[in-house]
Amino acid sequence: MRTLKIVIPLLLILLPGAELFAQTGLPAISVTNGPGGQQTYSLSIQVLALMTALTLIPSALLMMTSFTRVVIVLSILRQAIGLVQAPSTQTIIGLSLFLTFFIMAPVFNKMNNEALQPYLAEKMTFEDAVVKASIPLRGFMLGQTRDNDIRMFSRIAGDEAYASPDKVPFTVLVPAFVTSELKTSFQIGFLLFIPFLIIDLVVSSVLMSMGMMMLSPMIISLPFKIMLFVLVDGWNIIMGTLASSFYV
């Protein structure tokens with residue numbers, strides 16, 4: 001049920017053609033009689049629209065939520081420690097996905113309560129439900145998007161200055177949001193690199209002073225970096241910082 005509450009609000013945003021299913025007289029499969037008693041079957045355009053919309057859900061999850069920042073920071077963290085395959089890429093993606101669900105839970109719950117449930121109870125039309133569902137998501141994205149990025153994409157699109165944040169179209173807001181998320185994730189990644197870089201420099205200097213230039217500093221510094229990360233409870237700090245960074 002929690003998964004449905006997350007996926008269905010996204011469908012409200014991505015399925016503007018879903019109201020076709022509520023109309024009568026549009027069969028999913030049409031049968032045409034040909035010469036010699038042959039019959040040909042063809043899917044209607046509504047099924048094509050549904051399948052096309054379903055392919056957009058992964059892109060929406062990546063580009064319109066906190067997933068981008070989380071997965072980039074965790075990938076940079078793995079590289080900063082010096083581990084190649086631990087944690088594995090599948091683990092990082094899975095952890096980023098569920099942390100994204102945790103971070104986006106207030107937004108998805110609001111979309112469910114204000115748009116999905118009234119629509120299912122037939123208290124709201126599909127068009128009104130789409131507008132209502134887009135308001136919490138728009139508010140989340142605007143809260144994480146820099147004004148410079150919005151101005152840049154609006155200038156490229158040839159639009160005038162927007163009177164209010166509500167006037168920013170999704171075609172401008174989404175790329176501006178992704179650009180801001182990339183910048184923020186790399187800033188966090190830079191801060192993560194500093195303590196591990198210091199350990200690498202110290203170990204390299206000690207090895208050179210001892211004349212052990214043939215020994216790779218990475219082999220010696222890796223246990224110290226892992227020990228430092230464990231002693232400071234690094235996973236707790238990273239997860240807590242990432243989750244709280246969206247609601248400061």
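**Exercise 1. Find which residues Lys 110 touches in this predicted model, leaving aside its neighbours within four places in sequence.**

*Solution.* Start with the location: Lys 110 sits in helix H4, residues 89–120. Now drop the neighbours within four places in sequence, and the contacts of Lys 110 are Ala 115 and Pro 136. Take Pro 136 next. Lys 110 and Pro 136 are 26 residues apart in sequence, with their C-alpha atoms 6.7 Å apart in space. Last, check the surface: Lys 110 has 42% relative accessibility, so it counts as partly exposed. The cut-offs behind that call are under 20% for buried and over 50% for exposed.

**Exercise 2. Work out whether the length of helix H7 agrees with what its residue count predicts, then look for a kink.**

*Solution.* Helix H7 covers residues 170–209, which makes 40 residues. The expected span is 1.5 Å times one less than the number of residues, so H7 should span 58 Å. Now compare that with the model: the end C-alpha atoms of H7 are 58 Å apart, so the two agree.

Next, the kink. H7 bends by about 30° at Ile 194, and the proline Pro 195 follows shortly after. Then step off the end of the helix: just after H7, Gly 211 has a positive phi of about 75°.

**Exercise 3. List the salt bridges and say which parts of the chain each one links.**

*Solution.* There are two salt bridges to find. As background, side chains of opposite charge can pair when their charged atoms come close.

- Arg 69 and Glu 181 form one of them, at 2.6 Å from N to O. Arg 69 belongs to helix H3 and Glu 181 to helix H7, so this pair ties together parts 112 residues apart in sequence. Arg 69 is buried, with a relative accessible area of 2%, and Glu 181 is buried too, at 0%.
- Asp 200 and Lys 225 also meet in a salt bridge, at 3.3 Å from N to O. This pair links distant parts of the chain, with Asp 200 in helix H7 and Lys 225 in helix H8, 25 residues apart. Lys 225 is buried, with a relative accessible area of 1%.

**Exercise 4. Arg 78 is buried: find the nearest side chain of opposite charge and the residues in contact with this arginine.**

*Solution.* First place the residue: Arg 78 lies in helix H3, residues 67–81. Then look for a partner. The nearest side chain of opposite charge belongs to Asp 200, and that is 15 Å away. A salt bridge needs nitrogen and oxygen within 4 Å, and Arg 78 has none despite being buried. So what does surround Arg 78? Leaving aside neighbours within four places in sequence, its contacts are Leu 83, Val 84, Ala 86, Pro 87, Ser 88, Thr 89 and Ile 92.

**Exercise 5. Classify the ring pairs that involve Phe 229.**

*Solution.* The structure has five aromatic pairs. Take Phe 196 and Phe 229: their ring centres are 6.4 Å apart and their planes lie at 45°, so the pair is tilted. Phe 196 is in helix H7 and Phe 229 in helix H8 (residues 217–231), 33 residues apart, so to speak a link between distant parts of the chain. Both ends are tucked away: Phe 196 is buried at 4% relative accessible area, and Phe 229 counts as buried at 8%.

Now pair Phe 229 with Trp 235. Their ring centres are 5.3 Å apart and the planes are at 85°, so this one is edge-to-face. Trp 235 counts as partly exposed, at 39% relative accessibility. Elsewhere, ring pairs join Phe 140, Phe 177 and Phe 246 into a cluster.

**Exercise 6. Find where Asp 233 lies and describe its backbone.**

*Solution.* Asp 233 lies in the loop between H8 and helix H9 (234–244). Its phi is near 55°, a positive value in a residue other than glycine. On accessibility, Asp 233 is partly exposed, with a relative accessible area of 41%.

**Exercise 7. Sum up the whole chain: its elements, its burial and its contacts.**

*Solution.* Count the elements: nine helices and two strands. From the N terminus on, their order is α-β-β-α-α-α-α-α-α-α-α. For burial, 35% of the 248 residues are buried. For contacts, take those with a separation of 6 or more; 69% of them join residues 24 or more positions apart.

Technical notes: Residues are numbered from 1 along each chain as its sequence is written. This is a predicted model: local features need pLDDT of at least 70, side-chain atom pairs count only at pLDDT 80 or more; totals for chains, interfaces and linings use all residues. Side-chain values use heavy atoms; hydrogens and water are left out. Helices (H or I, at least four residues) and strands (E, at least two) are DSSP runs, numbered from the N terminus. Buried means under 20% relative accessible area, exposed over 50%, partly exposed in between (1.4 Å probe, protein chains only). Lys and Arg count as positive and Asp and Glu as negative; His and the chain ends are not counted. Contact means heavy atoms within 4.5 Å. The bend at a residue is the angle between axes fitted to the seven residues ending there and the seven starting there. Rings of Phe, Tyr and Trp (its six-membered ring) pair if their centres lie within 6.5 Å; planes under 30 degrees apart count as stacked, over 60 as edge-to-face and the rest as tilted.
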